[in-house]
Each structure stands twice: as structure tokens, then as C-alpha cells.
Amino acid sequence: MLEFVLDRAPDLAYRSFQHVSLVVQCVLLATVIAVAVALLVTTVPRLKPVANFVSSVGLTVPSLALLGLMLPVVGIGTLPSVAVVTFYAALPILRNAVVGLEGVSGNLLESARGMGMNPLLTFLRVQLPLAWPVILAGLRVSTQMSMGVAAIAAYALGPGLGGWIFTGLAQIGGQNAVNYALTATIAIVVLALLLDLLLRVLGRFTISRGISA
Amino acid sequence: MSSDTATPAPPTDTPTAPQGERSRSSRRVSRDDLGLLLGLPALCAVLLGGWAVWRATAELDDIEARSLAWGLLVQLFGEHLLLTALSAAAVVLTAIPLGIALTRPAARRAAPAVVTVANFGQAAPAIGILILLAMWLGFGVPVAVLALSLYAFLPVLQNTIVGLQGVDQTLVEAARGMGMSRWSVLGRIELPLALPVIMAGVRTALVLAVGTAAFATFINAGGLGSVITTGLYLFRNSVLISGGLLIAVLALLVDWAGRVLELVATPKGMR
């Protein structure tokens, strides 16, 4: 297996990069979408049951089913991967962002307004920093999940390490079948744990000092 | 769950919800839950009904008609459900006893280690585990059930441990003081009180299993996933969409059944 990995080191590195870059970009996109929706939901409370319904029902839908529903719309390749990964990544962040933003006390919002902050400034300097730890927890869940979802999305010829798992499946019985599937699976686990570590470190630096007891 | 465990939370609301929300299941049925309990079957009925009308009236070509034959779909639906049920049963029969064992005084110290190891396993992509197991042990239903069970094991184990640890120790002591044996304390005090949390784990396991069962077709273990692979290989969008829709509806129904189970299992005094 060592020989197998060494032989394909450039390909492995490239696929790992693709996989991580897909997940990171999709999670970033998902964070922006989810926080925006959460902001909407917290300002219009009537929408909250809808958001909760979407985030619990959405996570129930199996990724292969969503992929199947998506393919006729977006075709095969990178696009379905992006769509599916972003969809699943957005849900835990949305859930946590709603809880986090709701947790910001109304008194603080009033004081911010009293100090002359406009809504944008209030969001950036008061709401977001206070809700950030909870949002970040959702982000970590999303990232871990996305690493696995990205592997599945490779079934529709998406980028990343998932391709090797399906190569292994297609070549089953062949000399390198196990090597392909095993290397890809281990690489995904290792990369997922590394990303999680990175997010923890990010938490250290980005969680406001005042609330990180 | 505490937000600093390095796990991808299983795809349900419970584990990702921060601290304050977790005990919700042990309180009265909230409006959100009620919405889901009534909304889910309604949504499924609409989706399934709409699809059935389309299927009955649409003009399908030869390939589509064959891959979407009623008999075949019913058979695949049944296979999918069987895979889900078998693996959920396997998980319940192994993870709950293990969780109970790990919260007994003798083994209490081993619990964090076991959970950490299980966490590591959970980071592995389901599809990789399934295919590797199939390479190792061969294709077929038993291997699929094994893979699904492995994947769904952790949430039940973790919730069993958390649920039992959450039982007020003074109650346990009081029961012991009343002369109850350790076994009857477990059966009559600890388990009933921990049941809502354990059942939330079981529902998570069911949802994970039904989703992962879609991959069973890759290792010749049947299930609705084959509708999607057929649609992809034969380039028939109608088949692809039907497959996705049917799997999604099945998953939603299983989730709903889990929610009902959760509600029914909560002891009366705790509702």
C-alpha cells in the first residue's frame, strides 16, 4: 500500500486539495447564506417554524436522493457537488445561527441603538460577535459532514477523493481496488480531523475575548 | 451534545442544537415538534400522491417503464425498509446494552475512551466504510446491514451514556435506600428517565440507516438506490427524479416514525 501511495502521490495530493477546497468553499458559501437567512428569521419571528422545519427535514433527506434530484437540473460534474455539499452544510449552521442570534439580549441591541449604531453596525459589532461561538459550533458540524457528502457527490463525477472510492468499487477484485478505496477513506478521515482542528484554532482567535471566559 | 466533541453530529436536530435546547424532548411537545409530527406525513402524502399520479399518467418510453414498474419499486421499497429495520434493530440490541454497561460504576472510567474511539470512526465517510467492508467480507445484504449498523452505532451509544448520566443521582440513592436492587433501580428508575434521550439517539440511528441504505445497491444489497444508479447509467431524468423522490419520502417517513416512537416512549410523568 505504501508503494501504491508513493506511486500516486501527486494525484493523491491533488485530489486531497480538491476535496478540501470544495468543502471549504461550500461551507463558506453556506455560512453566508445561513447567517443571512438566520438574520431574516430572527427579525421576522413568524418565519422561525419554517426555518426549523427546513433544517430538520433537510438533514433527513439522504444525500444520494438529493443528488438524484439535482442531477437533471445541474448536470454531472462539479456543479452537483457544490450544490449538494452547500445544501447540507447550510442546515446545521442555520440552526445554530438562529439560536445564537436569538440569544443576544434585547437590552444590548437597544443600547447599541442608543449609542447611535445603525442596523449594519449593530449586526457586525454586537450580534455577530455574541452569536459567533454558537455559529462556529455549527460550522464545525457542517465541515465534518461535508467531507463525507463530498465523497458521495463524486458519484456524479464530482471532484475530490470520493472518485477513488468509486474507482475502487469499479475495479473490485483488481489489484489496487482496496488500495484506492482505503487510501481515499483514510485521507478523508485525516483531512476532516485536520479541518476540525483548524476550526478550533480559528475559534481561539475569533471568539471575542469578553465572552470566552 | 457539548459543542467541543470532534464529531460530525448525526443528521438530526438534537445533537447540533446547543445546550439549552437539548432537554426539549423531555418537556412537553413543543409547537415545532407538533408541526413536524403533523407536517411530515402531510408532506409525504403530497409528494407520493403527486408522483403516483405522474407515474400513472405519464407516457414513458420502454426503459423508463421497465425501471419504474410498480412491482419493482414496491420490492425495492421493501428491501430498503428491511435494511433499515435490521440495522436499527442490531444497533439497539448492541449499543444500548454497551451504553448501560459503560455507565455502571465498574466501567464508568472507560466511557470517555470508548466514546472518543467511536468519534474517530464516525468521521469516516459512510460510502468508504460500506465499500471497504464489502471488499473485505463480500457483497450482499448481511454486509450492508453490518456497515449500516456500524455507522448508526455511535448516536445510540452516546445518547444512552448521556441519558443515563443525566439521571439525578439522588434519585438513584433514594431508590437504593428504599431497598431496590441495582437491577431494579436500572429498570425502574434510570432507564425510564433516560428513555427520551435514548430514543432521540434511536431516531438519529434510523435516519442515518435509511440514508446509508441508499448506497446498498453499490454492493448488490438492493434498496431504492438502484433506481438512482439506473437513472444515471441509462440517462433517464424521470427515473433519477423518481428515485430521489422515493428515497427522500421513505427517509421522511422513517424520521416521522422515529418521532412518534420518541413521543410514545417518553414516560407519562415526563411529558
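# Exercises on a predicted two-chain helical model

At 4% relative accessibility, Asp196(A) counts as buried. This residue opens the first exercise; the model under study is a predicted one.

## Exercise 1. A salt bridge within one helix of chain A

Task: Determine which residue forms a salt bridge with Asp196(A), and describe where the two partners lie.

Solution.

Step 1. The partner is Arg200(A), and the closest N and O atoms of the pair are 3.9 Å apart. The criterion requires a side-chain nitrogen of Lys or Arg within 4 Å of a carboxyl oxygen of Asp or Glu, so this pair qualifies.

Step 2. Both residues belong to helix 9 of chain A and are four residues apart, about one turn of the helix. An α-helix has 3.6 residues a turn, so residues three or four places apart point the same way.

Step 3. The accessibilities of the partners are then set side by side. Asp196(A) is buried at 4%, whereas Arg200(A) is partly exposed, with a relative accessible area of 38%.

## Exercise 2. Salt bridges in chain B

Task: Describe the salt bridge of Asp62(B) and Arg66(B) and that of Glu262(B) and Arg203(B) by location and by burial.

Solution.

Step 1. Asp62(B) and Arg66(B) meet at 2.9 Å, N to O. Helix 4 (residues 62–67) of chain B holds both of them, four residues apart.

Step 2. Asp62(B) has 55% relative accessibility and counts as exposed; Arg66(B), at 57%, is exposed as well.

Step 3. In the bridge between Glu262(B) and Arg203(B), the closest N and O atoms are 2.6 Å apart. This pair links distant parts of the chain, with Glu262(B) in helix 12 and Arg203(B) in helix 10 of chain B, 59 residues apart. Both Glu262(B) and Arg203(B) are buried.

Step 4. Arg203(B) and Glu262(B) also belong to a network of salt bridges that includes Asp255(B) and Arg259(B). Over all chains, the count comes to 10 salt bridges.

## Exercise 3. The surroundings of helix 11 in chain B

Task: Explain why helix 11 (residues 225–233) of chain B is described as largely enclosed by the rest of the structure, and identify the elements against which its buried residues pack.

Solution.

Step 1. Seven of the nine residues of this helix are buried, and it is therefore largely enclosed by the rest of the structure. The buried residues are Gly225(B), Ser226(B), Val227(B), Ile228(B), Thr229(B), Gly231(B) and Leu232(B).

Step 2. These buried residues pack against helix 5 (70–103) and helix 12 (237–265) of chain B, and also against helix 4 (63–74) of chain A.

Step 3. The loops on either side of helix 11 are examined next. Asn220(B) lies in the loop between helix 10 (182–212) and helix 11, and Phe235(B) is found in the loop between helix 11 and helix 12. Asn220(B) is not a glycine, yet has a positive phi of about 55 degrees; Phe235(B), also not a glycine, has a positive phi of about 55 degrees. Most residues other than glycine have a negative phi.

Step 4. Asn220(B) is exposed at 59% relative accessibility, and Phe235(B) is exposed at 70%.

## Exercise 4. A nonpolar surface patch and a contact between chains

Task: State which residues form the nonpolar patch on the surface, and which residues Gly35(B) contacts beyond its neighbours within four places in sequence.

Solution.

Step 1. The patch comprises Met1(A), Ile186(A), Val190(A), Leu194(A) and Leu197(A), with about 450 Å² of accessible area together.

Step 2. One member, Val190(A), sits in helix 9 (residues 177–206) of chain A. Val190(A) is partly exposed at 42% relative accessible area; patch members need over 30%, so this value meets the cut-off.

Step 3. Gly35(B) is located in helix 3 (residues 31–57) of chain B and counts as partly exposed at 33% relative accessibility. Outside its neighbours within four places in sequence, Gly35(B) is in contact with Phe53(A) and Leu40(B).

## Exercise 5. The two chains as wholes

Task: Summarise the helix content, burial and accessible surface of chain A and chain B.

Solution.

Step 1. Chain A has nine helices and zero strands; chain B has 12 helices and zero strands.

Step 2. Buried residues make up 52% of the 213 residues in chain A and 52% of the 271 residues in chain B.

Step 3. The accessible surface of chain A comes to about 9,800 Å², 68% of it belonging to carbon and sulfur atoms. For chain B the surface is about 12,200 Å², with 67% from those elements.

Terms used
Residues are numbered from 1 along each chain as its sequence is written. Chains are lettered from A and ligands numbered from 1 in the order in which they are written. This is a predicted model: local features need pLDDT of at least 70, side-chain atom pairs count only at pLDDT 80 or more; totals for chains, interfaces and linings use all residues. Side-chain values use heavy atoms; hydrogens and water are left out. Helices (H or I, at least four residues) and strands (E, at least two) are DSSP runs, numbered from the N terminus. Buried means under 20% relative accessible area, exposed over 50%, partly exposed in between (1.4 Å probe, protein chains only). Accessible areas come from the Shrake-Rupley method with a 1.4 Å probe; for residues, only the protein chains shown count as cover. Patches are made of residues with over 30% relative accessible area and no salt bridge: like charges are joined within 9 Å, nonpolar side chains (Val, Leu, Ile, Met, Phe, Trp, Tyr) within 5 Å. Contact means heavy atoms within 4.5 Å.
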